[in-house]
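Reader: I am new to protein structures and would like to learn where the descriptive words come from. Could we go through one together?

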Amino acid sequence: MAFLSPKTPPILSVSPNSLFPSTKCIDYISCNAKNQVRKSPSVARTPRFSTSSGGQSLLQNERYSVTRRIKKQALRDSPEIMLRVNLDQCSKNGDLDEALRLYHEAKLNNIQLNVYHYNVLLYLCSLRSDNDGEEGLNPETLEKGFEIFKEMIIDRVELNEATFTNVSRLAAAKEDPELAFNLIKKMKDQGIGPKLRSYGPALFGFCKKGMADEAYEVDSHMVDNQVSAEESELSALLKVSSDVKREEKVYEMMHRLRATTRQVSEETAAVVEDWFLSERAAEVGLENWDTGKIKKGVLKGGGGWHGQGWLGGGDWRVVGTTMDEAGVCQSCGEKLVCIDIDPKETENFAKSLSELASKKEATTGFFQFQEWLQRHGPFDAVVDGANVGLANQHTFSFSQIKGVVNRLRELSPSKKLPLVVLHQNRVNGGPAQYPNNKKLLESWKKAGALYATPVGSNDDWYWLYAAVSSKCLLVTNDEMRDHLFNLLGNSFFPRWKEKHQVRLKPSSDGIRLHMPPPYSIVIQESEQGSWHIPTVTEDDLETPRQWLCATRARNSMSTP
């Protein structure tokens with residue numbers, strides 16, 4: 001586990017009955033990591049200079065090289081570094097007993113521990129252990145964790161976000177979410193920015209205890225600090241809201257799930273189902289509503305939801321279902337809508353994608369591609385050549401790419417060839433040298449439908465940028481989940497993929513194109529008050545996605 005150690009301002013004064021030592025005030029002296037780790041006595045650096053004697057210059061260089069090696073070895077062998085290596089091994093193995101033994105031994109030998117050492121110890125103390133088959137923490141382990149935290153203060157060690165988060169986890173294990181939340185506030189007071197993981201112990205602790213108002217306060221603190229809740233946090237808030245019969249908060253969390261996660265896990269789907277089947281859910285809802293106002297809400301939101309509150313009255317009918325190819329619910333018969341993407345959002349996304357690619361790629365190479373795209377684009381479709389050529393194949397197949405290209409051309413309104421993006425090595429070597437493949441590639445080049453990405457580049461940036469800037473289809477089975485695509489965020493990108501990605505499916509006659517659905521796979525709230533909640537599925541195109549359909553009797557008293 002990585003432990004970060006950002007520089008932080010001095011610790012604030014100590015109040016009685018806190019985790020900090022009972023002194024009037026602690027004047028915290030910031031200690032940089034380089035001051036916390038004892039280094040070996042410095043060795044004077046041998047200056048390098050040229051002389052008339054080549055032999056003397058060579059001797060000076062050799063001395064300098066030896067000196068550097070000695071200094072590096074001394075640093076590696078220092079007690080502080082050896083302790084860090086051993087603690088890392090304990091962290092990897094979850095071995096708290098050995099870590100505590102190393103800690104006490106270091107204290108006896110007056111080895112100065114830094115924030116990294118302490119954070120590993122706190123992390124191990126916060127790990128849950130198995131007590132007679134029940135998940136929980138040994139009280140002695142909890143107390144030991146708090147003792148180690150107090151020792152950090154005594155040793156005047158500079159605390160960081162990981163420190164506070166680990167101690168917050170100890171507080172949560174002690175079933176003290178108030179303490180966990182106070183630690184977050186203290187963190188913020190010291191100028192340390194809380195992360196999403198920092199809030200978990202307090203938020204989940206309050207939700208588990210049914211302390212809804214306190215959980216909402218944590219949620220507000222997150223919003224104030226620009227920390228976005230994800231599915232697990234929103235699901236916990238939805239559950240506690242349902243438990244305490246706060247229907248307006250349930251409604252809020254449903255829409256936050258819609259905007260944030262789009263599809264939900266089976267665990268969250270169960271929480272949603274429990275709400276709809278509850279007595280309180282049956283009691284709330286407008287039985288007479290203004291349809292004009294609802295339609296305005298739908299238009300304002302871009303489609304798929306209105307945000308005007310629960311509609312209808314009486315019990316909800318909740319069933320698991322699927323959608324047909326047109327997006328018609330197989331349970332209630334309602335047709336889901338396709339939610340448009342704001343063109344401005346696409347334009348901004350293309351711009352940010354270009355900036356990211358320019359930083360990650362050889363600048364001139366990507367700029368040249370953008371200029372080339374300006375001359376030859378836009379396209380109706382872009383093909384990830386490497387992915388398509390290897391789809392369901394043991395060897396690279398140009399004929400398979402050719403089949404996909406021809407099919408896309410047939411579907412294109414302009415009958416224009418799609419753009420094929422391939423790495424230069426694929427275009428110049430291997431099967432590309434076969435006469436038929438060579439002829440095929442030449443025809444694509446002449447038509448301005450082939451771009452060979454330069455050596456050392458990542459062709460992902462190229463085909464993705466081409467598809468986004470052309471506002472066209474992208475043919476690839478790449479799920480785009482690695483670190484590169486994580487840089488793009490989780491707001492716009494999933495929506496764009498849903499509407500533009502064409503996948504490949506094996507069939508008896510080769511490869512079949514699986515086009516984007518004509519409806520949006522996202523939580524939808526209809527104008528009649530029904531709800532459809534999609535669940536997350538594996539990347540299996542043959543397995544229909546499961547939806548939760550929640551409907552109630554439609555009220556004919558709705559007014560125009």
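Author: Happily! Let us begin with a helix pair: Leu96, Leu100, Tyr103, His104 and Lys107 in α4 meet Thr141, Lys144, Ile148 and Glu151 in α6. Here contact means heavy atoms within 4.5 Å, and helices (H or I, at least four residues) and strands (E, at least two) are DSSP runs, numbered from the N terminus. This is a predicted model, where local features need pLDDT of at least 70 and side-chain atom pairs count only at pLDDT 80 or more, while totals for chains, interfaces and linings use all residues. Residues are numbered from 1 along each chain as its sequence is written, and side-chain values use heavy atoms, with hydrogens and water left out.

Reader: What kinds of residues make up the contact of α4 with α6?

Author: They divide into four nonpolar, two polar and three charged. Ala, Val, Leu, Ile, Met, Phe, Trp, Tyr, Cys and Pro count as nonpolar, Asp, Glu, Lys and Arg as charged, and the others, Gly among them, as polar.

Reader: Why are α10 and α11 called roughly antiparallel?

Author: The axes of α10 (residues 212–224) and α11 (residues 231–243) come within 10 Å and cross at roughly 150°. Axes are lines fitted to C-alpha atoms, for helices over the stretch in contact, and angles run from 0 to 180 degrees between N-to-C directions. Angles under 35 degrees count as roughly parallel, over 145 as roughly antiparallel, 65 to 115 as roughly perpendicular and the rest as oblique. The pair is therefore roughly antiparallel.

Reader: Which residues meet there, in α10 and in α11?

Author: Ala212, Ala215, Tyr216 and Asp219 in α10 meet Leu237, Val240 and Ser241 in α11. By type, the residues of this contact are five nonpolar, one polar and one charged.

Reader: What makes Gln226 count as exposed?

Author: Buried means under 20% relative accessible area, exposed over 50%, and partly exposed in between (1.4 Å probe, protein chains only). Gln226 has 76% relative accessibility, so it counts as exposed. Gln226 sits in the loop between α10 and α11, and it has a positive phi of about 55° although it is not a glycine.

Reader: Why is a positive phi worth a remark?

Author: Because most residues other than glycine have a negative phi, and most peptide bonds are trans. Lys471 is another residue with a positive phi of about 55° that is not a glycine. Lys471 lies in the loop between α22 (459–470) and β7 (473–475). With a relative accessible area of 54%, Lys471 is exposed. As for peptide bonds, a cis one joins Gly377 and Pro378, with omega about -5°.

Reader: How do you know that α24 is mostly covered?

Author: Seven of the nine residues in α24 (residues 492–500) are buried. They are Phe492, Phe493, Arg495, Trp496, Lys497, Glu498 and His500. Across the chain of 560 residues, buried ones make up 46%.

Reader: What makes a nonpolar core?

Author: A nonpolar core is a set of buried Ala, Val, Leu, Ile, Met, Phe, Trp, Tyr and Cys residues joined through side-chain atoms within 4.5 Å. The largest one has 78 residues, and Met254, Phe276, Trp310, Trp531 and Ile533 have the most contacts inside it. Helix α5 (residues 115–126) gives the most to this core, with nine residues. Apart from this core lies another, of 28 residues, among them Leu464, Ala467, Met480 and Trp496.
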